[in-house]
Amino acid sequence: MDRRVAGTSLLELVVTVALVGLLAAPLGGMVTEHLHASLTTDDDTAAANLARYEQELFELRDTDSSWCSVPSKELPRSDPDRPRCPKAVKGLNPYVGLPFVVYRINTPQPATDGSSGLQRIKVIVKAIRGQNDTGAITALEPLVTVTTYFAPSVTFGAGEPPLISIP
């Protein structure tokens, strides 16, 4: 007489659980690593877009002084760019509520032709990685730095005929 009933034995169940456990450990690590890389890439892309956007806004701001999206008193004392930030945020600030701090640091540069007014504009975007109960930032991580130059009254292509003319 056959005593075996349709189903799985305890031995088969133990072997299946052991195999699934052996395969799950490396796959779990791969999934975790993929999620971390995806989130990091998203932060980097957002920071690069913010830096480009700030460069577009440059001429709408005061072109002689530096600007920050957060007042200097809310930045950690260990931040090397803190002294360049004003005590209050003035003018257009589209970055309120974002997990980033945007710095636009203007530095006068000597021009090679002896002219004046040349500025180096460095846009730095840092991710906020920690805040205390009062809202002050306790930890920042630099993500993107973009440097460009600005010279007043410089136009490109003045006096040139247009490339496309419509009759």
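How many helices and strands does the protein have? In this predicted model, the protein has one helix and four strands. Read along the sequence, these elements follow the pattern α-β-β-β-β. Helix H1 spans residues 10-56, strand E1 residues 67-68 and strand E2 residues 100-108. Strand E3 comprises residues 119-131, and strand E4 comprises residues 137-150.

Overall values describe the protein as a whole. Of its 167 residues, 25% count as buried. The accessible surface comes to about 12100 Å², and 60% of this area belongs to carbon and sulfur atoms. Among the contacts with a separation of 6 or more, residues 24 or more positions apart account for 57%.

The pairing of the strands was examined next. E2 and E3 pair in the antiparallel sense, over nine bridges. Within this pairing, tyrosine 103 has isoleucine 124 of E3 as its bridge partner. E3 also pairs with E4, again in the antiparallel sense, here over twelve bridges. Lysine 122 stands opposite threonine 147 in E4. The hairpin of E3 and E4 has five residues between the strands, and glycine 135 takes a positive phi near 95 degrees there.

Valine 101 illustrates the surroundings of a residue in strand E2. Its relative accessibility is 0%, so valine 101 counts as buried, the limit being under 20%. Not counting residues up to four places away in sequence, valine 101 touches Ser69, Val70, Leu75, Ile124, Val125, Lys126, Ile128, Ile137 and Leu140. The C-alpha atoms of valine 101 and valine 125 are separated by 5.8 Å, although the two residues are 24 residues apart along the chain.

The structure contains one disulfide. A disulfide is a covalent bond between the sulfur atoms of two cysteines. Here the bond is formed by cysteine 68 and cysteine 85, with their sulfur atoms 2.0 Å apart. Cysteine 68 lies in strand E1, whereas cysteine 85 lies in the loop between E1 and E2, so the pair ties together parts that are 17 residues apart in sequence. The link of cysteine 68 and cysteine 85 is left-handed, with -75 degrees about the S-S bond. Both cysteine 68 and cysteine 85 are buried.

Side chains of opposite charge can pair when their charged atoms come close. A search of the whole structure finds five salt bridges. One of them joins the side chains of aspartate 43 and arginine 129, at 3.1 Å from N to O. This pair links distant parts of the chain, with aspartate 43 in helix H1 and arginine 129 in strand E3, 86 residues apart. Arginine 129 also forms a salt bridge with glutamate 141, where the closest N and O atoms are 2.6 Å apart. Glutamate 141 lies in strand E4 and arginine 129 in strand E3, so this second pair ties together parts that are twelve residues apart in sequence. Asp43, Arg129 and Glu141 are thus linked in a network of salt bridges.

The members of this network are partly exposed, as their relative accessible areas show: 23% for aspartate 43, 43% for arginine 129 and 35% for glutamate 141. These residues count as partly exposed because the class lies between the limits of under 20% for buried and over 50% for exposed.

A further salt bridge is found between the side chains of glutamate 54 and arginine 104, at 3.9 Å from N to O. This pair, too, links distant parts of the chain, with glutamate 54 in helix H1 and arginine 104 in strand E2, 50 residues apart. Both glutamate 54 and arginine 104 are buried.

Helix H1 also contributes to the nonpolar surface. Leu10, Leu13, Val14 and Val17 make a nonpolar surface patch of about 400 Å². Within this patch, valine 17 has its place in helix H1. The relative accessible area of valine 17 is 54%, and this residue is therefore exposed, the limit being over 50%.

Definitions and conventions:
Residues numbered from 1 in each chain as written. Predicted model: local features only at pLDDT ≥ 70, side-chain atom pairs only at ≥ 80, totals over all residues. Heavy atoms only, no water. Patch = residues over 30% accessible without salt bridge, like charges linked within 9 Å, V, L, I, M, F, W, Y side chains within 5 Å. Areas by Shrake-Rupley, 256 points an atom, 1.4 Å probe, with all protein chains shown as cover. Salt bridge = Lys/Arg side-chain N within 4 Å of Asp/Glu carboxyl O. Helix = DSSP H or I, 4+ residues; strand = E, 2+ residues; numbered from the N terminus. Buried < 20%, exposed > 50% of the residue type's maximum accessible area, 1.4 Å probe, protein only. Disulfide = S-S within 2.5 Å. Pairing = 2+ DSSP bridges. Contact = heavy atoms within 4.5 Å.
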